Amino acid sequence: MVWLTCVTALLTCCELFAYPHCSAWLLYIYLRTQAHADMHHQRIELAPFSKSDMDLRTAFSCALLLVTLLPPSVNASSKMYIVYIGERKHDDPSVVTSSHHDILTSIFGSKDEALESIVYSYKHGFSGFAAMLTESQAETLAKFPEVTSVKPNTYHEPHTTRSWDFLSLGVSQQPPEQHGLLQKANYGEDVIIGVIDSGIWPESLSFDDTGYGPVPTRWKGVCQVGQAWNTTSCNRKIIGARWYSGGVTDEVLKDNYLSPRDLSGHGTHVASTIAGGEVWNVSYKGSGLGAGVARGGAPHSRLGVYKVCWEGGSCQEAAILAAIDDAINDGVDVLSLSLGGGAGEEIFGSLHAVLRGIPVVFSGGNDGPMPSTVNNAVPWVTTVAASTMDRSFPTLMTLGNKEKLVGQSLHYNTSVISSDFKGLVHARSCDVQALASSNVTGKTVLCYAPGEAQVALIDAMRLTVEAGANGLIFAQNAANNLDNLGACGRFMPCVLVDFEIAQRIASYWKRTGNPVVMVSPTVTVVGNGVLAPRVASFSSRGPSAEFPYILKV
């Protein structure tokens, strides 16, 4: 009988693979085969075949049955999906998580597989979960009446000494009747700020807890230990820290700290800008540029740190939601997220934080100056653009005809500072071909190519150094974005200029037989002489494509 051969094959497979639903499928095959034979009143016979044929056919039957019976999670590719349910239906987080397991069990048919598939359970501020699912399983889940939405996990990217003084939030030495907003707010005393980012470097002086009182009793967070991080890494300033590695590949994790410790420095920078204590007499790399007091906007506040961003692996939305969920339960007063996934990629968990009285502050993104590039534009959060302040780093350039022009730079390294004139070369777009066709060795290179595709600043620095140049003058739309200039300072002066200054340098080069230029050391200028504030060139612009009628000021 055919069914007997199939059952024999299936029994063999069950014994080999310990598939949990074998008995049910055995009964199903038997009943269906018997019904089919009774309906047609005929015997189903097999043609005679040898033992080797039987082994081959049995193996084929086993393979065919396995393909049919094994769960989709085994024989189909799966990826992480975020399943959003909405408000919690129960106050007990364990009951909420159990409901998530029950939903997944109905999909997989196995509690063990359900537990294996789930990555995060959102159970404090809202209800939902992240799990490894196939596309068909995700489509099935989306049809459940209790499920609001199902979406693939997406990736978000992580988006100084005078800025708070410029905003009139300085540390005042005036009598109480003349105190400003920061003093009236008691410097953020005991406000708990949750920072969802790439972690933190606890040894930074910005997070020294000297003079702080006990941790507020309302705090319910934890100090999660890990690599290069123990319970003493938290203190009365950093009062809690968590890290989220679910769904991050082993390839990424092996190059990161498996702990709240920050590898990239982004989270540390953000946390110190928001809440860093006062650190006196600091400057850019000890050079004297930008010298002053470094501190955060609320220097007496406390920090809860949630590491969701990994060097080389971005920031998974599933982990961001888990961090928001934990932060709501931990007792933060404010949430800060300086990250984004692009226009239209909004994080729904932020709404549940706001509904519980927790203000949420997002960065607007770094995709400017093109319009409609703003991130995190939902109406219930504060969205912050990047802007300039009243400090600049002017750098004097003297041409061979004694004309003096000003750009911006971080040219402070005494080992590359020279009071001599250097040859000037106009290499237009500064691509490999343009540099190769010019003799740039030992000279200062002007990169200015109006109407042409000009290489990016970071590439121009690398290519000119490799070509043997001794300096770089780089033209761009705005000369106040100095983010990448630090990489240049070890080798040569790199000066940013706008297109008007670049055109004047190019005109001098064109009409001079032996053009030369001298770049002076950079100085720091603050106050009314600097036009500010202005939106930084790199800052994302509105209007929001998804919420075009919402204007954020």
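Student: Why is D190 called partly exposed, rather than buried or exposed?

Tutor: D190 has a relative accessible area of 27%, and since buried means under 20% relative accessible area and exposed over 50%, with partly exposed in between (1.4 Å probe, protein chains only), D190 is classed as partly exposed. Bear in mind that this is a predicted model, in which local features need pLDDT of at least 70 and side-chain atom pairs count only at pLDDT 80 or more, while totals for chains, interfaces and linings use all residues. Residues are numbered from 1 along each chain as its sequence is written, and side-chain values use heavy atoms, with hydrogens and water left out.

Student: What makes the contact of R302 and D190 a salt bridge?

Tutor: The term requires a side-chain nitrogen of Lys or Arg within 4 Å of a carboxyl oxygen of Asp or Glu, and the side chains of R302 and D190 meet at 2.7 Å, N to O, so the pair satisfies the definition. R302 lies in strand β10 (residues 302-307) and D190 in the loop between α9 (181-184) and β6 (192-197), so the pair ties together parts that are 112 residues apart in sequence. Here helices (H or I, at least four residues) and strands (E, at least two) are DSSP runs, numbered from the N terminus.

Student: How do you know that R302 is buried?

Tutor: Its relative accessible area is 1%, and R302 is therefore classed as buried.

Student: Why do K254 and D255 count as a salt bridge, and how is each of the two residues classed for exposure?

Tutor: The closest N and O atoms of K254 and D255 are 3.5 Å apart, so this pair also qualifies under the definition. K254, with a relative accessible area of 54%, is exposed, whereas D255, at 48% relative accessibility, counts as partly exposed. Both residues belong to a network of salt bridges together with E251, and the structure holds 12 salt bridges.

Student: What makes β2 and β4 edge strands of their sheet?

Tutor: The open sheet has 4 strands in the order β2-β3-β1-β4, with antiparallel pairing. β2 (118-122) and β4 (149-152) each have a single partner strand, so one side of each is left without a neighbour in the sheet.

Student: How do you know that β2 pairs with β3?

Tutor: Two strands pair if DSSP finds at least two bridges between them, and 4 bridges join β2 to strand β3 (residues 127-133), so the criterion is met. Within this antiparallel pair, Y120 stands opposite A130 in β3.
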